[in-house]
Amino acid sequence: EAGPRLAEALRGRDSLIFIHGYNQSFEAAARDAAPLSAGIGFFGHTAVFSWPSKGGLLDYGYDRESALLARDDLADSLHAILSDSSGGRVHLVAHSMGTLATLEALRAYHDRHGDADFVRLGSIVFAAPDIDLDVFKAGLSRLGALRQKMTVITATNDRALDLSRRLAGGDVVGALSAGALEGMGVRVVDATEFASGITRHDAFVANAD
């Protein structure tokens, strides 16, 4: 039972849990989580929830299915952590396709256990979320007041999400402007001016601001 062991390891302090995105190995996810935690001056525990990305640019469909399959394991892990009375507050940072796994896990958690333990959740950050707009709206509609803890980081010049839009069709949340996401009950940060590099997909960890 990985969930209870993780909950035990995270006892005593606040925790930041990073959920990685498409085309990212466990090692790469850990290399992102460490500077992210250090960069924001987080002094609690930092953990990575790794789902089985195939780690290839042409494996988008495989990764999306893997992210969806991981939602139950993530929901079970969150339940073990949030229901442990010895734990602190828990902050979630999901990148790219990790948003799909995270939002689905929160919805599954709510359906199974209600939202009493959600009081232990702190910030929920969706960075460059690779998730269809309609799927995102449907997930939010099931989570009620939890939306007030959510921040979405977008960039309209994100090339990776432009490719995702072409592959999957429909609007991708992380590539939309802040105005396009108004009225959803979440905080939106437009990081277009901070996005750089070839893909412009990782401003949340690559740019100090």
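## Strand pairing and salt bridges

User: How many bridges pair strand 3 (residues 90-95) with strand 4 in the parallel sense?

Analyst: Heads-up: this is a predicted model, where local features need pLDDT of at least 70 and side-chain atom pairs count only at pLDDT 80 or more, while totals for chains, interfaces and linings use all residues. Residues are numbered from 1 along each chain as its sequence is written, and side-chain values use heavy atoms, with hydrogens and water left out. Helices (H or I, at least four residues) and strands (E, at least two) are DSSP runs numbered from the N terminus, and two strands pair if DSSP finds at least two bridges between them. For parallel strands 3 and 4, the bridge count is 5.

User: Which residue of strand 4 stands opposite His95?

Analyst: Follow strand 3, residues 90-95, along its parallel partner, strand 4. Opposite His95 in strand 4 you'll find Ala127.

User: Which helix sits between strands 3 and 4 in their β-α-β unit, and what is the unit's handedness?

Analyst: The helix is helix 5, residues 98-113. A crossover is right-handed if, with the strands pointing away from the viewer, the path from the first strand over the helix to the second runs clockwise. This unit is right-handed.

User: What about the next step: which helix does the chain pass through from strand 4 to strand 5?

Analyst: Strand 4 also pairs in the parallel sense with strand 5 (residues 150-154), over 4 bridges, and there Phe126 stands opposite Val152. This β-α-β crossover is right-handed too, and its helix, spanning residues 133-141, is helix 6.

User: How many of the 7 residues of strand 4 are buried?

Analyst: Buried means under 20% relative accessible area, exposed over 50%, and partly exposed in between (1.4 Å probe, protein chains only). Strand 4 covers residues 121-127 and is largely enclosed by the rest of the structure, because so many of its residues are buried. The count is 6 of the 7.

User: Switching to charges, how many salt bridges turn up in the whole structure?

Analyst: A salt bridge here is a side-chain nitrogen of Lys or Arg within 4 Å of a carboxyl oxygen of Asp or Glu. Searching the whole structure gives a total of 7.

User: How far apart in sequence are the parts that Asp84 and Arg11 tie together?

Analyst: Asp84 and Arg11 form a salt bridge, with the closest N and O atoms 2.7 Å apart. Asp84 belongs to the loop between helix 4 (71-82) and strand 3, whereas Arg11 is in the loop between helix 1 (2-9) and strand 1 (15-19), so the sequence separation is 73 residues.

User: Of that pair, is Asp84 buried or exposed?

Analyst: Its partner Arg11 is partly exposed at 40% relative accessible area. Asp84 has a relative accessible area of 11%, so it counts as buried.

User: Which helix holds Asp76, the salt-bridge partner of Arg112?

Analyst: The closest N and O atoms of Arg112 and Asp76 are 3.3 Å apart. Arg112 is partly exposed at 41% relative accessibility, and Asp76 is also partly exposed at 41%. Arg112 sits in helix 5, so the pair ties together parts 36 residues apart in sequence, with Asp76 in helix 4.

User: Which residues are linked with Glu104 in a network of salt bridges?

Analyst: One of the links joins Glu104 to Arg107, whose closest N and O atoms are 2.9 Å apart. Both lie in helix 5, and being 3 residues apart they are separated by about one helical turn. Glu104 is buried, at 12% relative accessibility. The residues networked with Glu104 are Arg71, Arg107, Asp111 and Arg142.
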